[in-house]
Structures are given as structure tokens and as C-alpha cells.
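User: Could you walk me through this one? I would like to go over helix packing, sheets and any odd backbone spots.

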Amino acid sequence: MTTNTSSDTPRPPHQVLDGADITRVITRIAHEIVERAKGAEDVVLLGIHTRGVHLARRLHTRLTQITGRDIPLGTLDITMYRDDLRLKPARALEHTEIPAAGIDGRLVILVDDVLFSGRTVRAALDALGDIGRPRAVQLAVLVDRGHRELPIRADYVGKNLPTSLREAVQVRLTDQDGEDAVLVGDRDYAARSSQAFAAEPPQPE
């Protein structure tokens with residue numbers, strides 16, 4: 001009797017967005033911000049470390065090209081606001097940089113790469129509360145993969161990507177990783193592949 005174990009075979013990552021797709025997504029989100037924020041006159045962009053910062057910089061460039069104005073840009077470190085600090089290894093602190101004019105009374109748009117449980121965004125909102133009092137806060141993400149654990153949604157989404165909990169979404173950006181791509185594959189693919197490799201007997205030379 002043969003047992004079908006295909007469902008147990010880890011699926012390697014496959015690409016769902018390439019560099020051209022990511023560029024188009026950023027351009028579209030920039031236009032949506034200008035339209036919804038009535039010209040983006042009081043918009044402040046804050047990128048959430050790490051890849052959210054790179055995406056915010058690209059979004060800033062497109063907004064500047066569209067509006068002809070230099071949109072304030074900053075970065076936000078949420079490390080000390082995370083609710084899993086005790087559950088994971090210590091993390092290195094990143095740099096929070098707020099534009100000189102601050103965020104009080106402004107429309108702050110948080111930028112991140114993937115929206116998943118919503119806990120990263122919750123931590124970002126807590127961090128933001130210690131910095132100032134914006135007029136409103138919105139969220140722009142490259143990918144929304146679902147599986148929310150908190151009542152949080154994105155205002156601007158590059159791609160809605162339905163996933164299972166066994167899958168991992170990997171965003172790769174040229175600024176950080178040397179290429180632009182979004183990949184989806186089994187969360188334990190790398191670990192299981194490494195285990196299988198280690199279990200193989202050495203081959204004779």
C-alpha cells in the first residue's frame with residue numbers, strides 16, 4: 001500500500017511579485033494617497049523598520065514626483081513596544097527619526113512590508129503615541145496576507161495575498177537583499193530541507 005505524503009512535502013518558495021510589480025504597486029499607492037489625502041499636503045511618511053523604511057523611501061520619491069513637494073519622511077523603531085519581547089531572542093534597537101516639524105496635527109502614514117497578525121502595527125501605534133498626536137494615522141503595506149489577530153486593517157494595499165498559516169511570505173528589496181521580489185513558500189521548508197540534507201549519508205569520492 002502506497003501512502004500519499006505529497007501534502008507533507010515542504011513547498012519551496014515561489015515568486016508572486018517581481019521588481020516591476022513592486023514598482024507599479026508603489027506608484028499606485030502613491031496616487032491613491034494623493035487622491036484620498038487631497039494632495040497629501042499634511043502627510044508624513046513613517047517607515048517601520050526594516051523593510052518598511054525602504055518602502056517608505058520609495059513611496060516618498062514617487063509622492064515627491066507626483067506632488068512636486070518634499071513629503072516629510074521618517075523612520076519608526078517598534079522594538080521596545082512589541083508584545084513578544086519575552087518570547088524571542090533580544091533584538092538590536094533601530095533608529096527612530098521623526099521629521100523636524102513633528103507629527104502633531106498631521107496625517108501620518110505608517111509603511112510596512114507585510115500585514116499579518118496586526119501586532120506590529122499595534123506596537124507602531126503605541127510608539128507613535130509617545131512621539132506626538134497626529135490628526136489621523138493610516139497604514140500602507142506592500143502585502144496583506146490575512147490572519148489578523150487584532151482589529152487592524154490597511155488603508156493602502158499593494159497586493160492581497162491569501163495564505164495558510166503554514167506558509168511564509170518573504171519580501172526581498174534591492175536596498176536590503178539585492179533584489180526586488182515577494183516569495184511565498186512553506187514556513188518550514190528551509191528547516192526540513194536542511195534536516196534532510198544532514199540525514200543523507202556521505203557520498204564516496
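Analyst: What follows takes the helices, then the sheet pairing, then the unusual backbone positions.

Analyst: This is a predicted model, in which local features need pLDDT of at least 70 and side-chain atom pairs count only at pLDDT 80 or more, while totals for chains, interfaces and linings use all residues. Residues are numbered from 1 along each chain as its sequence is written, and side-chain values use heavy atoms, with hydrogens and water left out.

User: At what angle do helix 1 and helix 2 pack?

Analyst: Helix 1 (residues 19–36) and helix 2 (residues 51–67) pack at about 55°, and their axes are 9 Å apart. Helices here are DSSP runs of H or I with at least four residues, and strands are runs of E with at least two, numbered from the N terminus. Axes are lines fitted to C-alpha atoms, for helices over the stretch in contact, and angles run from 0 to 180 degrees between N-to-C directions. That makes helix 1 oblique to helix 2, given that angles under 35 degrees count as roughly parallel, over 145 as roughly antiparallel, 65 to 115 as roughly perpendicular and the rest as oblique.

User: And which residues make the contact?

Analyst: From helix 1 they include Ile22, Ile26, Ile29 and Val34, and from helix 2 they include Leu55, Arg58, Leu59 and Ile66, where contact means heavy atoms within 4.5 Å.

User: Switching to sheets, what is the strand order in the open one?

Analyst: Three strands form that open sheet in the order 1-8-7, with antiparallel pairing; two strands pair if DSSP finds at least two bridges between them. Strand 1 (14–18) and strand 7 (167–172) are the edge strands, each pairing on one side only, and the twist averages 20° from one strand to the next. Strand 7 is joined to strand 8 (residues 181–186) by six bridges, and glutamate 167 has aspartate 186 of strand 8 as its bridge partner.

User: Which strands does helix 1 touch there?

Analyst: Helix 1 packs on the sheet and touches strand 1, strand 7 and strand 8, its direction making about 45° with that of strand 1.

User: What about strand 2, buried or exposed?

Analyst: Six of the six residues of strand 2 are buried, so the strand is largely enclosed by the rest of the structure; buried means under 20% relative accessible area, exposed over 50% and partly exposed in between, with a 1.4 Å probe and protein chains only. Val43, Leu45 and Gly47 point one way from strand 2, whereas Val44, Leu46 and Ile48 point the other way.

User: Which strands are joined to strand 2?

Analyst: Strand 2 runs parallel to strand 4 (residues 107–115), to which five bridges join it, and leucine 46 stands opposite leucine 110. Strand 3 (residues 73–76) is also parallel to strand 2, with four bridges, and there glycine 47 stands opposite threonine 75.

User: Now the odd backbone spots: where is the cis peptide bond?

Analyst: The cis peptide bond joins histidine 49 and threonine 50, with omega about 10°, and threonine 50 is found in the loop between strand 2 (43–48) and helix 2.

User: Which residues have a positive phi although they are not glycines?

Analyst: Alanine 40, in the loop between helix 1 and strand 2, has a positive phi of about 60°, and this alanine 40 is buried at a relative accessible area of 0%. Histidine 147 has a positive phi of about 65° and lies in the loop between strand 5 (136–144) and strand 6 (156–160); histidine 147 is partly exposed, with a relative accessible area of 30%.
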